[in-house]
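Reader: Please take me through this model, with the cut-offs stated as they come up.

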Amino acid sequence: MPQSLAVDPVPLDEALSVAAPQAETLLRQVMALPSKDRAVLYLHYYEGFSTREVGDMLHISQSAVTTRLLRARKKLKEVLGEDCPYEA
């Protein structure tokens, strides 16, 4: 019988203290995005949902999701430059 791989949550401050400076900067900039852009970015890139699935969850069209993703990536690229992991 497989054992559960329970992981205790790590406080954000503690996680940031051990993260690479680029990761900390990225997280702070993602959190600074408007909530609409941050939500689609999180659901698509961090949770792995398709643009259609994100649209269904948020009750918006797939094209609205795509537009918000584009806007979020563009904002991150402007702030982070070459350190941005997302293509604008």
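Author: Contact means heavy atoms within 4.5 Å. This is a predicted model, in which local features need pLDDT of at least 70, side-chain atom pairs count only at pLDDT 80 or more, and totals for chains, interfaces and linings use all residues. Residues are numbered from 1 along each chain as its sequence is written, and side-chain values use heavy atoms, with hydrogens and water left out.

Reader: Which residues in helix 4 does helix 3 meet?

Author: Helices are DSSP runs (H or I, at least four residues), numbered from the N terminus. Helix 3 contributes Ala39, Val40, Leu43 and His44. Their partners in helix 4 are Thr51, Val54, Met57 and Leu58.

Reader: Why are helix 3 and helix 4 described as parallel, antiparallel, perpendicular or oblique to each other?

Author: The axes, lines fitted to C-alpha atoms over the stretch in contact, are compared by their N-to-C directions, with angles from 0 to 180 degrees. For helix 3 (residues 35–46) and helix 4 (residues 51–58), the axes cross at roughly 135° and come within 9 Å. Angles under 35 degrees count as roughly parallel, over 145 as roughly antiparallel, 65 to 115 as roughly perpendicular and the rest as oblique. The two helices, helix 3 and helix 4, are therefore oblique.

Reader: How many residues of the chain count as buried, as a percentage?

Author: Buried means under 20% relative accessible area with a 1.4 Å probe, protein chains only. The chain has 5 helices and 0 strands, and its length is 88 residues. Of these residues, the buried share is 23%.

Notes:
Buried means under 20% relative accessible area, exposed over 50%, partly exposed in between (1.4 Å probe, protein chains only).
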